[in-house]
Amino acid sequence: MKPPINIVWFKRDLRLTDHQPLLRASEDSTPVLLLYFFEPSIMAAPDSDERHWRFVQESLLDMNNALSKMNLQIQAIDGEVVASLEKLVSVFEVKTIFSHQETGNHISYQRDLAVAGFCQQHNMAWHEYPTNGVIRGLKTRKDFTACWLRTMTAPIFSVDWAKLATASLPDNLLKPFEYRFTANSVFQPGGSSAAHRYLKTFLNARHVNYQKHISKPEESRKSCSRLSPYLAWGNVSMKEVYQATLHAMAQSANKKSLRFFTHRVHWHCHFIQKFESECRMEFENLNKGFDNIRTEIDQKLVESWENAQTGYPLIDACINCVKTTGYLNFRMRSLLVSFFTHHLWQPWQAGAHFLARQFLDYEPGIHYPQFQMQAGTMGVNTIRIYNPVKQSIDHDPEGNFIRKWLPVLQRIPNTHIHEPWRMTSEEQALAGITIGVDYPKPIIAIAETARFAREHLWITKNSVAVQSENKAILKKHTKRKTEKENTLRAPLPAGDTMPLNL
C-alpha cells in the first residue's frame, strides 16, 4: 500500500509568511512534500531570462535557510510538473496539492490545465488559493475593489510549523535541480529577507521623496520602494506590504507619499486582474480594431532599439540600464514602449518578450496590459506619444543618468547631452566624439514619426471598429466607482501609463 502524502507546490509565492497553502497543509495531518519545479518549458520560453531563475534560486536558498532551523526543506526539482507527478504517484498516494493560483503566461496556463487533468484522472484534490486579491473567474469589475480591500485588511496567514508533518523523497525518484546560477550583485537579490529589508528602508526613510522622484530615471532607483521583483516572485505578499504601509502611515510625518504608494499598490493588482480576466492580451490586441495597423516588423529598427543604438541618448541609456540591472522606473519603461511602438512604428508584440527578459520584476499580468496601454491598442485609453528629447530634458536635465549608462557621451556638455547630433564638428572634437561613428545619429526623425503615429492612431481609434469594441472592453474591465473607491484608486499622475514597478 502506497504511503499517503500531500504536496505544497510553490510557484510565484516564494515566501514562508502569509502563505495560505502552507497553512492549509499544516492543518492536515498527512505528511507533506514542499516542492518547487524548475520547468524546462518555462525556463526556455521567449520571455524568460537567467536573471529570473537566479532570483528564484536565491529565494529558495533564503527560504531553506529559514526552514533548516526547523529541519524542513523545499525540494527544488528539475523537471516538468506533470511528468514529476507521474513519478510521485508511482510511489505515493498523493491526496492533495496545495498551491496559490498563478496569473502567468500561456505556457504556465497550459501547464495548470494539464495538472488539473492529471489530478482528476488520479482522484487527487488540488486546492488553489487566490493571490494578492486577484479573483479568478470574475466576469465584471463590479466587486473587485471591495474584495481586494477585504483581502488586504484580513489577518496575515501564520503557520504553526510544529504541526507541519513532512515526507521524504526516495533517492533518484525526481531529478534535483542543481543550483548553478552565480550571484550578481548588480541585480537585487532574491528572497524574503531582502524583500523585508527593502520594505523597511522604504517605509522608514526612502518614501520621503517617492512622489518627487518617481519619474526620474536615476533618483527613482533609491526613492521608489524597489519591491516590484519581490511582489512578482512572491517573496512578500501584497497584504504584508499594504498593512505595513498603513502602519507606517499612521506614524509618518509624510503621509502623502505613503498614501500615494497605497494607490499604486492597488493599481498593481488592478492590472493583473485585467490580464486574469482576458489573458489573450499576451498575444492579441485587446481592441481588435487595431489589428490592421503596425503589422510589419522592421528587424533593423528592432535591433537598433534592443542594442541601444537609436541615437537618442535617454532611450539608449534606459536600454543599457535595464539590460544590466533588471530595473527601470515606470516613466522610462513607458518611454521605451512609446518609442518602439509609435516612433519606430513596430507592433508591440515584437518588443514585449525582449523587455520581459530584461525586467527582473517581470509579471505577465502587468507586463502585457501595460504594454498594450502604452501602445494604444486597448482603445479606451488616451494615446500618449512621448518625445524622448523632452523626457530627457525634464527628467535627466544634467544628463547624469545618460552619462552613467552611455559612457561614450561622458564629455558632452549639458547643452548638447540630450541632442548630441546638433554639435558642430568642432564641438564634437572637443568632446572627443564623432557622431555617426562613436555614437549613432538618430535612426528616425521624431517630429515626423510622431506626426505619422498620431494621425494613424487617432484615425483608427475613432473608427467604428474600435469604438464598437470599446463598449465591451469598458463593460468588462471598468466600473462606476464609489466615493470610497475614488479615494483608494487615485488617478495616475499626468502622462503616466506604466506605473506598476512601484
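In the predicted model, Thr262 is placed in helix α12, which spans residues 255-277. The relative accessibility of Thr262 is 7%, and the residue therefore counts as buried, the cut-off for that class being under 20%. When neighbours within four places in sequence are left aside, the contacts of Thr262 are with Tyr242, Thr245, Leu246 and Met249.

The chain that holds this residue has 23 helices and five strands. Its radius of gyration is 24 Å, which agrees with the value near 23 Å that a compact globule of 502 residues would have. Along the principal axes, the C-alpha atoms of the protein chain fill a box of roughly 85 × 50 × 50 Å. Of the 502 residues, 58% are buried. Contacts between residues at least 6 apart in sequence were also examined, and 80% of these join residues at least 24 apart. The exposed area of the protein chain is about 21200 Å², of which carbon and sulfur atoms supply 52%. Charged side chains number 59 positive and 49 negative, with a distance of 7 Å between the centres of the two sets.

Two helices were examined for the placement of their buried residues. In α6 (144-153), the buried residues are Phe144, Thr145, Trp148, Leu149 and Met152. These residues cover an arc of only 130 degrees around the axis, and so they lie on the same side of α6. In helix α18, residues 388-395, the buried set consists of Pro388, Val389, Gln391, Ser392 and His395. The arc covered by this set is only 165 degrees around the axis, which again puts the residues on the same side of α18. Such an arrangement can be read against the geometry of the α-helix, in which there are 3.6 residues a turn, so residues three or four places apart point the same way. The packing partners of the buried residues of α18 are four helices: α14 (313-325), α15 (330-343), α19 (400-405) and α21 (446-461).

The loop between α6 and α7 (192-204) contains Ala154, and Pro155 is found in this loop as well. Ala154 has a relative accessibility of 24% and therefore counts as partly exposed, since that class lies between the 20% and 50% cut-offs. Pro155, at 66% relative accessibility, counts as exposed. Not counting residues up to four places away in sequence, Ala154 touches Lys239 and Gln243. With residues up to four places away again not counted, Pro155 touches Asp18 and Lys239. Pro155 and Asp18 are 137 residues apart along the chain, and their C-alpha atoms are separated by 8.7 Å. For Ala154 and Asn329, which are 175 residues apart along the chain, the C-alpha separation is 30 Å.

A further pair distant in sequence involves helix α22 (residues 464-477), where Lys471 is placed. The relative accessible area of Lys471 is 66%, so the residue is classed as exposed. Between Lys471 and Val380, 91 residues apart in sequence, the C-alpha to C-alpha distance is 8.9 Å.

Backbone torsions were considered for two loop residues. Asn132 has phi near 55 degrees, a positive value in a residue other than glycine. Its location is the loop between β5 (125-129) and α6. With a relative accessible area of 15%, Asn132 is buried. Arg226, also not a glycine, has a positive phi of about 65 degrees. Arg226 is placed in the loop between α9 (220-223) and α10 (228-232). The relative accessible area of Arg226 is 8%, and this residue is therefore buried.

Technical notes: Residues numbered from 1 in each chain as written. Predicted model: local features only at pLDDT ≥ 70, side-chain atom pairs only at ≥ 80, totals over all residues. Heavy atoms only, no water. Rg over C-alpha atoms; globule rule 2.2 N^0.38 Å. Buried < 20%, exposed > 50% of the residue type's maximum accessible area, 1.4 Å probe, protein only. Contact = heavy atoms within 4.5 Å. Areas by Shrake-Rupley, 256 points an atom, 1.4 Å probe, with all protein chains shown as cover. Lys, Arg positive; Asp, Glu negative; His and termini not counted. Charge placed at Lys NZ, Arg CZ, Asp CG, Glu CD. Arc of directions from axis to C-beta.
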